[in-house]
Amino acid sequence: MDALLRTVEHIAAALALVAGAAIAVLAALITIDIVGRDFFGASIQGTDEIGGYVLAFVGSLGMALTLLRRGHPRIEIFFRFFPRVLRDCLHVLAQIAMAGFAAFMAWHAWGELQTTLRFGAITNTPLQTPLWVPQGVWVIGMIFFAVTACLATVHALVLLFTDRSSIERRYGAPTVEEEVSQYVHPEGDDARD
């Protein structure tokens with residue numbers, strides 16, 4: 001299961017790089033548009049529309065990696081005062097809730113894409129973008145997030161019965177020391193298994 005999760009994490013990292021590249025391209029388009037308007041009186045049509053699409057799918061492409069790197073926010077004010085067995089169970093419960101949320105989002109994203117495809121929807125903007133293109137990328141990100149969350153949940157459940165000592169390290173919120181270590185030694189991310 002660890003090997004499968006490492007493979008999924010590599011795919012998630014690749015998707016996050018695609019998302020980062022999309023942001024870089026968007027930033028370049030916005031810069032060109034601003035310079036063109038200010039100095040040449042010309043504009044790239046649709047930069048704001050493209051920006052909306054990029055921001056929509058960038059979020060979905062990064063969710064799986066954020067989950068695997070324990071980056072989603074968690075409120076744990078009194079958590080450290082709970083007994084270890086209760087904390088472990090709550091970490092697994094949090095994973096189950098995240099998998100349920102991810103599956104719900106993927107299901108509804110897929111339904112939205114099907115509706116778009118059925119009606120052949122296009123935007124009523126100068127670009128006349130077929131909506132299935134940005135929605136398709138968004139759906140891919142959401143489905144990958146759902147699959148990743150389900151795999152992580154199965155792994156957490158297995159650990160609950162076989163190796164409870166590693167649940168907090170793998171599925172709990174990162175400690176302050178771990179966060180500092182990630183910034184000081186970023187290459188250590190792969191060494192947490």
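User: Leaving aside its neighbours within four places in sequence, which residues is Val-58 in contact with?

Analyst: In this predicted model, Val-58 is among the residues with the most contacts inside the largest nonpolar core. Once neighbours within four places in sequence are set aside, the residues in contact with Val-58 are Ala-19, Ala-22 and Ile-23.

User: How many residues does the largest nonpolar core have, and which helices each supply at least two residues of this core?

Analyst: The largest nonpolar core has 23 residues, and those with the most contacts inside it include Ala-12, Val-54, Phe-57, Phe-144 and Tyr-171. At least two residues of this core come from each of H1, helix H2 (47–68), helix H4 (132–162) and H5.

User: How many residues are in the other core that lies apart from it?

Analyst: Apart from the largest nonpolar core lies another one, whose members include Ala-99, Ala-106, Leu-113 and Ala-149. The number of residues in this other core is 12.

User: What is the radius of gyration of the protein, and is the protein a compact globule or more spread out?

Analyst: The secondary structure comes to 6 helices and 0 strands, and read along the sequence it follows the pattern α-α-α-α-α-α. For 193 residues the globule rule gives 16 Å, and the radius of gyration is well over that figure, so the protein is more spread out than a compact globule. Along its principal axes the C-alpha trace spans about 65 × 45 × 30 Å. The radius of gyration itself is 20 Å.

User: Among contacts between residues at least 6 apart in sequence, what percentage join residues at least 24 apart?

Analyst: Of the 193 residues in the protein, 34% are buried, while the accessible surface comes to about 11,600 Å², with 70% of that surface belonging to carbon and sulfur atoms. Among contacts between residues at least 6 apart in sequence, the share joining residues at least 24 apart is 73%.

User: Which residue forms a salt bridge with Arg-37, and is that residue buried or exposed?

Analyst: A search of the whole structure finds 7 salt bridges, and in the one formed by Arg-37 the closest N and O atoms are 3.2 Å apart. Both partners lie in helix H1 (residues 2–40), 4 residues apart, which is about one turn of the helix. Arg-37 is partly exposed because its relative accessible area is 47%, whereas its partner has 6% relative accessibility and therefore counts as buried. The buried partner is Asp-33.

User: Why does the salt bridge between Glu-168 and Arg-84 tie together parts that are apart in sequence, and how many residues apart are they?

Analyst: The side chains of Glu-168 and Arg-84 meet in a salt bridge at 3.4 Å, N to O. Glu-168 lies in helix H5 (residues 167–171) and Arg-84 in helix H3 (residues 84–119), so the pair ties together parts whose separation in sequence is 84 residues.

User: Which other residue in helix H3 meets the side chain of Glu-168 in a salt bridge?

Analyst: Glu-168 counts as partly exposed because its relative accessibility is 22%, and this second partner in helix H3 is 81 residues apart from it. The partner has a relative accessible area of 14%, under the 20% cut-off, and so is buried. The N to O distance of the pair is 3.1 Å, and the residue is Arg-87.

User: Which residues are linked with Arg-84, Arg-87 and Glu-168 in a network of salt bridges?

Analyst: Side chains of opposite charge can pair when their charged atoms come close. Here, the network that links Arg-84, Arg-87 and Glu-168 also takes in Asp-88 and Arg-164.

User: Which residue's backbone oxygen does the side chain of Arg-70 reach?

Analyst: Arg-70 is found in the loop between H2 and H3, and it is buried because its relative accessible area is 12%, under 20%. Not counting residues up to four places away in sequence, it touches several residues, among them Glu-168, Tyr-171, Pro-174 and Glu-178. Its side chain comes to 3.1 Å from the backbone oxygen of Gly-172.

User: Which side chain is joined to that of Thr-123 by a polar contact?

Analyst: Thr-123 lies in the loop between H3 and H4, and at 12% relative accessibility it counts as buried. Beyond residues up to four places away in sequence, it touches Glu-49, Tyr-53, Gln-128, Thr-129 and Leu-131. The polar contact, at 2.8 Å, joins its side chain to that of Thr-125.

Terms used: Residues are numbered from 1 along each chain as its sequence is written. This is a predicted model: local features need pLDDT of at least 70, side-chain atom pairs count only at pLDDT 80 or more; totals for chains, interfaces and linings use all residues. Side-chain values use heavy atoms; hydrogens and water are left out. A salt bridge is a side-chain nitrogen of Lys or Arg within 4 Å of a carboxyl oxygen of Asp or Glu. Buried means under 20% relative accessible area, exposed over 50%, partly exposed in between (1.4 Å probe, protein chains only). A nonpolar core is a set of buried Ala, Val, Leu, Ile, Met, Phe, Trp, Tyr and Cys residues joined through side-chain atoms within 4.5 Å. Contact means heavy atoms within 4.5 Å. A polar contact is a pair of N or O atoms within 3.5 Å; within protein, one must be able to donate a hydrogen and the other to accept it, and residues adjacent in sequence count only if both atoms are side-chain atoms. The radius of gyration is taken over C-alpha atoms; the globule rule is 2.2 Å times the number of residues to the power 0.38. Accessible areas come from the Shrake-Rupley method with a 1.4 Å probe; for residues, only the protein chains shown count as cover.
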